[in-house]
Amino acid sequence: MWRSAFAEPSMPKDPETAGQQDAPHTLIPFLQSQSQTALTRLYTRPSSCLAIFRLLGPIERQIVMSLLWLEGPIASQTLNGWVTKEGRKPYGTALDTLSKIQILPNPGTRMLLNPNFKASFRMALTGGGDLNSFGVPYVSSKEKDAERDGAGDKKFGPNSEHLDSYALERWETILHYMVSSGTDSTPQRPSAGVLYLLQRSGLMQPLPSPSGYSTASSRKTSQLQISSLGFQFLLHTPHEQLWELLLQYLKMVEERQMDLVEVLNFLFMLSTMDLGREYSPDNLTQTQLVMLEDLRDYGLIWQRKSSSKRFSPTRLATTLTSSTPLLPSSGGGNTGPQGFIILETNYRLYAYTDNPLQIAVLNLFVHLKSRYPNLVVGSITRDSVRKALNNGIRADQIISYLVTHAHPQMRRNNPLLPVTVQDQIRLWELEKNRLKSADGYLYTNFAAQADYQVVLDYAKQIGVVLWENSVKRCFFASAEGHSNIRGFIERRSKDEQM
Amino acid sequence: MVMKAVKGVLLTCDAAVKQILLVMNEAQSFIIEDLDDFHLLIKQDEEDRIRRQLETELEKNTYSLD
């Protein structure tokens with residue numbers, strides 16, 4: 001059995017990323033919604049247990065590690081003794097998360113890890129077992145010979161630079177297709193599977209066809225256009241983007257009649273594999289062979305030929321459950337020290353990049369003026385920000401994109417971005433929302449104050465009142481509440497007549 | 001019980017926008033009821049037109065250097 005997962009640190013390195021880790025990983029809520037039997041099946045695989053463990057927050061990991069080597073249950077009070085007063089709340093949430101994903105059922109009474117999880121996770125940590133849950137390395141006959149000749153450490157698999165450039169190219173094809181869908185340029189189209197996924201996830205939508213309604217055939221071939229969700233998606237970090245797409249993939253699993261547990265197992269297996277090593281698909285199930293093709297399209301897996309008898313995970317796959325950056329020099333927007341944006345107080349923006357994708361993303365909310373071999377100059381204007389806002393991008397997202405991609409030079413400033421620019425972007429957003437509207441009904445002309453009060457109280461109780469004025473004896477309630485309120489009034493009128 | 005329910009859209013806005021809306025209403029009526037300084041009840045099918053018209057009206061008051 002191959003254990004490679006420990007090469008990567010799973011603890012956040014600096015306080016900045018630790019702050020971001022407060023929110024649970026996007027996969028955790030999805031796991032919480034799964035049935036107990038599915039989760040229990042999932043926990044029979046050591047690699048899945050290890051991967052899930054790495055997705056958990058620091059407190060949850062601490063609790064799991066404390067309980068892992070205990071044979072019997074311990075009383076909840078014993079563990080409560082460790083928790084300081086300020087720690088109560090985070091501790092409670094951590095226990096809640098663990099119990100919802102069935103790792104620690106019934107934390108209220110006694111602390112005992114799910115037996116399947118305990119056994120598999122122990123196996124993952126100590127090795128042993130022959131479940132092949134960490135993948136089966138491919139050994140070619142040439143390699144066997146080499147090993148016999150004592151030259152076993154020579155690598156035959158694809159090198160990691162090659163894998164990185166392949167993954168980057170696949171991933172950027174997807175993002176670039178999204179970002180330029182609204183413009184005239186026609187970038188390379190990703191495969192049909194990717195397009196379908198983008199459409200299903202609501203990140204892109206079919207262009208309205210000229211005839212007004214789309215037929216089944218036209219929907220397939222028609223041009224896709226990026227949606228407001230898609231614009232927001234572009235400003236996320238690559239890690240979030242990847243998981244967003246994979247989550248959508250997981251949601252589609254059932255209608256494609258694939259087994260969710262197998263799909264998850266395969267993803268987790270990939271995430272614990274070694275970069276630059278080739279694996280054999282012999283042990284994969286039918287479902288997982290189908291996935292192999294899908295994931296190749298997304299750039300998570302590399303194969304020499306589609307019929308090849310071996311595959312290699314790329315860095316996109318092996319960093320799925322770790323906090324290290326996805327791709328070393330990712331143009332898709334890498335967090336970390338390689339920021340490239342300098343923003344000045346006069347709204348001018350300098351971006352040290354020649355990556356077409358980054359430039360295209362900047363073009364969403366920056367008025368670009370000139371372009372040099374390694375530098376793009378532009379400025380943030382009211383019009384450029386309004387264009388972005390109209391596309392559904394929020395001011396916060398623009399600001400957080402600028403913060404995460406700020407040039408190292410900018411990091412000396414405190415605050416990082418000029419306050420004037422930040423405030424102005426927010427003000428432009430407020431300006432756009434000067435008019436709020438809500439559908440509903442105005443209830444008015446009440447004959448008696450008592451009637452008004454009773455109906456208003458009822459409407460408040462079901463939480464649909466948006467505006468009220470007791471002097472005029474009228475109130476406005478949202479459309480969802482109308483049938484309830486009408487029913488309430490009819491019942492009361494009947495009572496009065498009796 | 002005697003009362004009336006009027007279907008419509010509740011607009012929440014600032015005082016300045018409300019004045020613009022009142023002027024717009026004189027050209028083509030769409031307000032069902034003027035509720036208070038910040039709220040108006042308008043006809044449901046007019047909302048899109050109002051938003052567009054207000055947008056152009058507000059754009060007249062902004063200037064840019066480029």
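These legends walk through close-up views of a predicted model, starting with a sheet in chain A and ending where chain A meets chain B.

**View 1. Four strands of chain A line up in an open sheet.** Reading across the sheet, the strands come in the order 9-10-12-11, and their pairing is antiparallel. Strand 9 (341-343) and strand 11 (367-372) of chain A have a single partner strand each, so one side of each is left without a neighbour in the sheet. On average, neighbouring strands of this sheet are turned by 20 degrees against each other, direction ignored. As a reminder, strands of a sheet pair through backbone hydrogen bonds, either parallel or antiparallel.

**View 2. A hairpin links strand 9 and strand 10 of chain A.** Follow the chain through the turn and you will pass 4 residues between the two strands. One residue to look for in this turn is A:Tyr347, which has a positive phi of about 70 degrees. The two strands are antiparallel and pair over 3 bridges. In one of these pairs, A:Ile342 has A:Tyr350 of strand 10 as its bridge partner.

**View 3. Side chains alternate along strand 10 (residues 348-351) of chain A.** Which residues point to the buried face? They are A:Leu349 and A:Ala351. A:Arg348 and A:Tyr350 point to the other face and are not buried.

**View 4. Strand 12 (residues 375-379) of chain A pairs with strand 11 of chain A and with strand 10 of chain A.** With strand 11, strand 12 shares 5 bridges in an antiparallel arrangement. Here you can find A:Arg371 opposite A:Val376 of strand 12. Strand 10 and strand 12 are joined by 4 bridges, again in the antiparallel sense. On that side, A:Ser379 of strand 12 stands opposite A:Arg348.

**View 5. Chain A meets chain B.** How many residues of each chain are in contact? Chain A contributes 26 residues and chain B contributes 27. On the side of chain A that touches chain B, helix 19 (382-390), strand 13 (436-444), strand 14 (465-469) and helix 23 (482-497) each supply at least two residues. Strand 13 gives the largest share, 9 residues. Sorted by class, this side of chain A has 11 nonpolar, 7 polar and 8 charged residues.

**View 6. A strand from chain A pairs with a strand from chain B.** Strand 13 of chain A and strand 1 (residues 4-12) of chain B are antiparallel and pair over 9 bridges. To find one of these pairs, look for A:Thr444, whose bridge partner in strand 1 of chain B is B:Lys4.

Notes
Residues numbered from 1 in each chain as written. Chains lettered and ligands numbered in written order. Predicted model: local features only at pLDDT ≥ 70, side-chain atom pairs only at ≥ 80, totals over all residues. Pairing = 2+ DSSP bridges. Axes fitted to C-alpha atoms, helices over the stretch in contact; angles between N-to-C directions. Buried ≥ 20, exposed ≤ 12 C-beta atoms within 10 Å, placed from the backbone. Contact = placed C-beta atoms within 7 Å. Nonpolar A, V, L, I, M, F, W, Y, C, P; charged D, E, K, R; others polar.
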